[in-house]
Amino acid sequence: MANHSLRALFWWKKLTKRDWAIAFVGFTIFVFIYTLFFDYRTDQASSLDLSDNDVVDLTLLHNAEERGAFCLDGSSPGYHFQKGFGSGSSNWLLHIEGGGWCNTIESCSFRKTTALGSSNFMQRQVHFAGILSSDPSQNADFFNWNKVKIRYCDGASLAGHPESELKNGTRLFFRGQLIWEALMDELLSLGMSNAKQALLSGCSAGGLATLIHCDDFRNLMPKQATIKCLADASFFLDEQDVLGKRTMESFYHDVFHLQGVAKSLHKDCLSRVEPSKCLFPQEFVKSIRTPLFIVNPAYDFWQIRNILVPDASDPHNNWRQCKLNIHSCNPDQIEILQGFRNSLLKALSEFQQIEDRGMFINSCFVHCQTWTAETWHSPSSPRINDKTIAQSVGDWYFNRNAVKLIDCPYPWERGGKNQALIHCSNAIEFIFNQILPPEDS
């Protein structure tokens, strides 16, 4: 289990040109690599038309050494800050990048040699797109806000604590909570303390960090300000895999104990269930007091690959093609995927009833959807009831409408009530065309 994500990273090099011609396959590979290890390639797969204004420099945390807030390797954490303007100059949008977790000394030691464990490997400039874009046609509600992309370099969703470092005998720094605290103090000093409106968001492991710190973020901000949170592709399920094993539960158990994350988690959850299970959103999301929006695909390919059908539970590769392309799944596999979708909807049923909650659960075979224009808001973006994710989030944030949208299930049909699902394929195919590798890659 410890290295299943690492092994999965390199198989894509064996694909032929014909394999890459399948849009879903190309997108799956790209985002899987992106979210687990090489998020620094954001600039190569972001928006249709990015201006120089959307190229944002990396800023290293100024008081990192004084606060003891370090990445896994001991380097200073970083963020990218784009100043707001006009009517958005007093509003703030924060987005925490994703990138999985490390659950062993070995995987954390590898991770510290990448941008997900060290600022020494982080790209010095990134493009802001999707929810971070300054283009009003792409990001109508938030384009002129102060925007911050928080780089993720601790391997535990900004929840690790240094006390556990004494146990491992290596030069690994588990400082996620200290990174969060020091970063918030720095942003507050830059003007966030005067915010009138703010949205804390994140994707994948960054979305889990958003859920963990959502109420703390609310408490740091002015009482009169409108503060809300958005978690994208981060509702990781506590489900058995296809062999009946609790693969993800075991993985989170290791992360929990290795990095000592208990102090960052919700206390009521810790007293109610086995403590490491409090990394699963379904166990603590109902305790979050701050208004919250969930964006999640019903067929999240990361969860299918790592929770439902991890490599160790598919020794004969019976699921290989299905995990690459949902169109390649046989009827029995589709039935299992529908069961996984039903588990997600059941886990969200209580959340759905809370008045200030919002949700956009589409049926795309994707992972994160807020960080790029093609899935956030474009002519080919995924839609439910003819609303893109950007429009849905805006309607919820500004109280224009209640937004609790659940797409119809796969298989997708052309026309009728399933017309919106055609956009799943369109958006993915566009991104795929942008990152198609050369023949010899």
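## A buried serine

Which residues does Ser-234 touch, not counting residues up to four places away in sequence? Its partners are Ser-204, Gly-207, Leu-208, Leu-211, Pro-281 and Asn-296, where a contact means heavy atoms within 4.5 Å. Ser-234 sits in the loop that runs between β7 (226-232) and α9 (247-259). Helices (H or I, at least four residues) and strands (E, at least two) are DSSP runs, numbered from the N terminus. With a relative accessibility of 1%, Ser-234 counts as buried. Buried means under 20% relative accessible area, exposed over 50%, and partly exposed in between, using a 1.4 Å probe and protein chains only.

## About the model

This is a predicted model, in which local features need pLDDT of at least 70, side-chain atom pairs count only at pLDDT 80 or more, and totals for chains, interfaces and linings use all residues. Residues are numbered from 1 along each chain as its sequence is written, and side-chain values use heavy atoms, with hydrogens and water left out.

## Helix α14

Let's turn to helix α14, which covers residues 331-347. At 1.5 Å a residue, its 17 residues should span 24 Å, and the end C-alpha atoms are indeed 24 Å apart. The expected span is 1.5 Å times one less than the number of residues. At the N-terminal end, Asn-330 acts as a cap: one of its side-chain oxygens lies 3.1 Å from the backbone nitrogen of Asp-332.

The buried residues of α14 include Ile-334, Leu-337, Phe-340 and Leu-344. Polar ones appear on that list too, among them Gln-333, Gln-338, Arg-341 and Ser-343. What covers the buried residues includes β8 (292-297), α12 (301-308), α13 (320-324), β9 (358-362) and β10 (404-406).

## Salt bridges

The structure holds 15 salt bridges, each a side-chain nitrogen of Lys or Arg within 4 Å of a carboxyl oxygen of Asp or Glu. In one of them, Arg-400 meets Asp-141 at 2.9 Å, N to O. Arg-400 lies in the loop between α17 (389-397) and β10, and Asp-141 in the loop between β4 (125-127) and β5 (146-150), so the pair ties together parts that are 259 residues apart in sequence. Arg-400 is partly exposed at 40% relative accessibility, and Asp-141 is partly exposed at 21%.

Lys-387 pairs with Asp-395, with 3.1 Å between the closest N and O atoms. Lys-387 is partly exposed at 31%, whereas Asp-395 is buried at 7%. Asp-141, Lys-387, Asp-395 and Arg-400 are linked in a network of salt bridges.

Conventions
Polar contact = N/O pair within 3.5 Å; in protein donor to acceptor, adjacent residues only side chain to side chain.
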